[in-house]
Every structure is written in C-alpha cells, then in structure tokens.
Amino acid sequence: MPIPFHTDPVTTMPNQAGRCMYAKIDELRKIGPAVPVSLPDGMTAWSVVRGDIVAQLLTHPHVSRDVNKAVPSYIPGEVPWLAPWADLQNMTTKDGDEHSRLRRVVVPSLTNRKVQQLRPAIERISRELLHGLADNDPDVVIDVHAEYSYQIPTLVICDLLGLPHDQRPEVLRVFRLVARTDLSPQEADQVHLDLHTAMRTLIATKRSHPGDDLTSVLIAESDKEHDPLSEDELVATLLLMIGGGSQTTINLIDHALADVSEHSQLRRIAADRSNNSRNIIEESLRKDCPVMNLPMRWALEDIDLGMNTIIKAGEPILLNYGGHGRDPDTNSEPERFDIDREHRQHLAFGLGAHRCPGSQLAILEAEIAVSEFFHAFPHASTAGDIDASAGPTFIGNDLLRLPMRLGERNA
Ligand code: HEM
C-alpha cells in the first residue's frame, strides 16, 4: 500500500459522476462522519460527505494540504492518478504563509472589478457560439456540451492567460484527461508529462512575447529579484488556473442548462436578460455541485470525529463538496430544483483559506451562458437521460455530452 492507512476500506468510491455519485453520497452519509473508501491504485482515504464535518475539516488546524508534512515517506508520483493533485507546487498543496505567498499572485486578476471587465467578452463569445448553433435543424439532437458549455470557460480562461491559438488544442486535450480517475498508471504518467510540456511551451512563447495577460504576470513574478516564483511554481500555477478555471465551470453550465430546460417557467426566467439569473446558478451549484471530491487533504495529528471515528495522523482525507447541498437535513427535498429556496446552503466553492478565488468569474460566465442560451432558444430541451453521459471520475461532476433539441430560435 503506497500511503499508510490503519483500517480496511468499507466501500469503494465509484469512478462515475452524476446519479451514481449522488447515491454514494447518500450511502456514505448514513455510515458515519468519515468513511474509509477504496480509491484507485490500492489507496484508501477517509471520505467525508456530511456538510458540518466537511466545514470543520476545511478549517481544522490539524488538516493540511501538504502531503510532505503529513507523510514524510511519500514519494512524488508513487500514486500516478494523485500526482496532478498532490505533487504540484502551487497554492493548493500549501498551508499558511506558503499558501498566501502563492495565492496572492493570482487574486488581483480575479477581483470583482476585473471579472466584470470580462462581461462584454463573455457575452460576445456566447452570442457567437449561439449564432453558429442557429444553423441546426431545430428538431435535430445536438451536443450542447461540445458546441457551447465546453467552449465558453475554455475560451475565457485561454484569453485570460493569453494562450496562443495554435497551442490551445493540445492544452485542452490534456486537461480533459486530468480529472479522469479511470486511467492506467501509464496513461496517468503520460498525462502528467504532457501537461508539463504544454506549460513549458506556453512559458517560452510568453517570455519572448509578453502580453496583457495572466501568464505574463506570472512570468514577471518569476523574474523578479526578491522572492521570485520558482519555475516549478510557475508551471504548477498555470496548470491550476487552466484546470481550475475550465472543467469546473463547464460542469456548472452543463448542469444549469439541463436543470433549467426541464421547466418552461424557468426557461422564461432565464431567457430574460434583464433578470438576475444568480438564483438559478446558486441552485445548480447546490443540486449538481461541479466539483465533487477534490484530492487530497492530510491529517497532521489524530483527529477524533466522535462515533468511534478517529482519523490517524498521516491519513488522507477526501472532502466531498457536493454532499452538503444534497443533504435533506440541510436543504429539504434536495432533488427538487427550486430557485426560490429559502436558506439555501452549499459548499460548492469550499470554505476557509483555500475557498475558490475564481467563484465570481465562474458565476458570471454561467449567468451569461444560461441567460443567452435560453434567450436564443426558449424551447430547448434535453434529449434522453443526461445521466447516461456522466463522466468516468469521482472528482468532477462531469458530463461527456449534453444532447439537446434546440427548438425554434427566438426571432
Ligand atoms: C463553477 C466553477 C468552480 C467551482 C465549483 C470551483 C470550486 C473550487 C473549490 C471547491 C475550491 C477549493 C479547494 C479546496 O478546498 O482546497 C477551489 C479552489 C480554487 N479555484 Fe475554483 N472553482 C470554480 C471555478 C474557478 C475558476 C473560474 C477559477 C479561475 C479562473 C478557479 C480557480 C481556483 C483556484 C486558483 C483555487 C485554489 C485556491 C487555493 O488553494 O487557495 N476556480 N475551486
């Protein structure tokens, strides 16, 4: 066993998003505050799905993001699927001052003021994509994931980072593989290598041709004299921004489109551009959380959660962000999509020092994507059970396809 764990797994975490993951969350919630689960490559970790315990551990002084502090014997790469989550030298694998140092480099690019400046560009991207979709026969089933939801966050993040157009296909290809938890160790190793190659190509291009973009900001941070970003930190931060800024938001847009398309009244509300569709997006974040389990956190000391559940020092903890929003004790009738829900609670963006700094950008993108879509296609509806397209991963709440009939376009 590559990473020590003091007890046997009780169940296995499925490599499948959507309904399968929701059922597993319900099962785990009933078992206990934390449950040993089997993960790929012989690893066991504590799965935590109860919202109060997730919140407690997200801010617990004895829970670290840094595997090296908790498991001194850990060898980078020894669990191939874990490497993109545990081995990268960016803010997600650091605590305290080390974390703040890496986080403050990107936060100024994601303030509300900066994000609002992106609104016209996001609206333009959405409208251009929808204009292209209008050529389709209204009754033909098209994959809205590939043609629309996938496109908006990837174009926005590529623009934010100034990624040259000729490098985009390779970068996006590799990122589609990162979140998969069903790859063989060899495939996972190759993905890791390909990611680094793509980032080093980007850095070389931007070093010789800097621009008004986040990659150039990060390169300037790595070139400064006092406390510069190391080359590893630069690469890892770029990887985090592209990965964190794309697949997450794609999932949000996919699920929000599917949820809204089920009710004509919701479609009308979404289609009204003057309306604030924030409640729609918040309800989708609650019901269909875009990031389900984010590897990995580590116990620095024994943590007693009660009910005979003790997480031992050095053991991995897999926190589930989606369980809180789907807990019937927290949100009544959690399966119901209700934009007027009072006291809605979810942890989709996390909590505490690592809370997602890109949340405002993600929400703006999703608001625009959903509102523009139903403004253009007020009768759009899903074709078949979208759960059949749930992605092969326990990390993101991915959809591989979103089959829809667009119906007649708004005149
Ligand atoms: C719907 C979309 C998104 C969701 C659901 C989401 C979710 C999350 C969650 C749950 C975390 C916290 C991880 C933890 O507890 O350690 C996180 C962190 C992060 N997210 Fe997001 N995210 C989204 C969009 C974005 C976007 C658009 C960006 C950037 C453009 C971004 C950048 C980051 C970064 C840099 C971190 C690391 C923060 C840290 O460790 O201090 N995210 N995200």
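Student: Which helices each supply at least two residues of the lining of the second largest pocket?
Tutor: This is a predicted model. The second largest pocket holds about 310 Å³ of space. Its lining includes Lys114, Gln117, Asp159, Leu160, Leu214 and Val217. The helices that each give at least two lining residues are H6 (112–117), H9 (151–161) and H12 (214–223).

Student: How many residues of that second lining are nonpolar, polar and charged?
Tutor: Among the lining residues are Val105, Pro108, Ser109 and Asp212. By class, the second largest pocket has six nonpolar, two polar and four charged lining residues.

Student: Which elements give two or more residues to the lining of the largest pocket?
Tutor: The largest pocket has about 400 Å³ of space. Of its 20 lining residues, the closest to the centre are Arg19, Lys287, Asp288, Ile386 and Asp387. Two or more lining residues come from each of helix H1 (19–31) and H13.

Student: Which helix gives the most residues to the largest nonpolar core?
Tutor: That core has 127 residues. Leu39, Leu57, Leu82, Tyr148, Met199 and Phe373 have the most contacts inside it. Leucine 39, for one, touches Met13, Ala45, Trp81, Met296, Leu318 and Phe394, leaving aside neighbours within four places in sequence. With 14 residues, the top contributor is helix H13 (residues 231–261).

Student: What is the only protein donor of the iron atom of the ligand?
Tutor: Look in the loop between strand S9 (316–319) and helix H16 (359–376), where cysteine 356 is found. Its SG atom lies at 2.3 Å from the iron. The only protein donor is Cys356 (SG).

Methods
Residues numbered from 1 in each chain as written. Predicted model: local features only at pLDDT ≥ 70, side-chain atom pairs only at ≥ 80, totals over all residues. Heavy atoms only, no water. Core = buried A, V, L, I, M, F, W, Y, C linked by side-chain atoms within 4.5 Å. Buried < 20%, exposed > 50% of the residue type's maximum accessible area, 1.4 Å probe, protein only. Helix = DSSP H or I, 4+ residues; strand = E, 2+ residues; numbered from the N terminus. Contact = heavy atoms within 4.5 Å. Donors = N, O, S within 2.8 Å, 3.2 Å for Na, K, Ca; no water. 1 Å grid on protein atoms, 1.4 Å probe; cavity = no way out; pocket = protein on both sides within 12 Å on 5 of 7 lines; lining within 4 Å. Points joined across faces, edges and corners; volume = space filled by probe spheres on them. Nonpolar A, V, L, I, M, F, W, Y, C, P; charged D, E, K, R; others polar.
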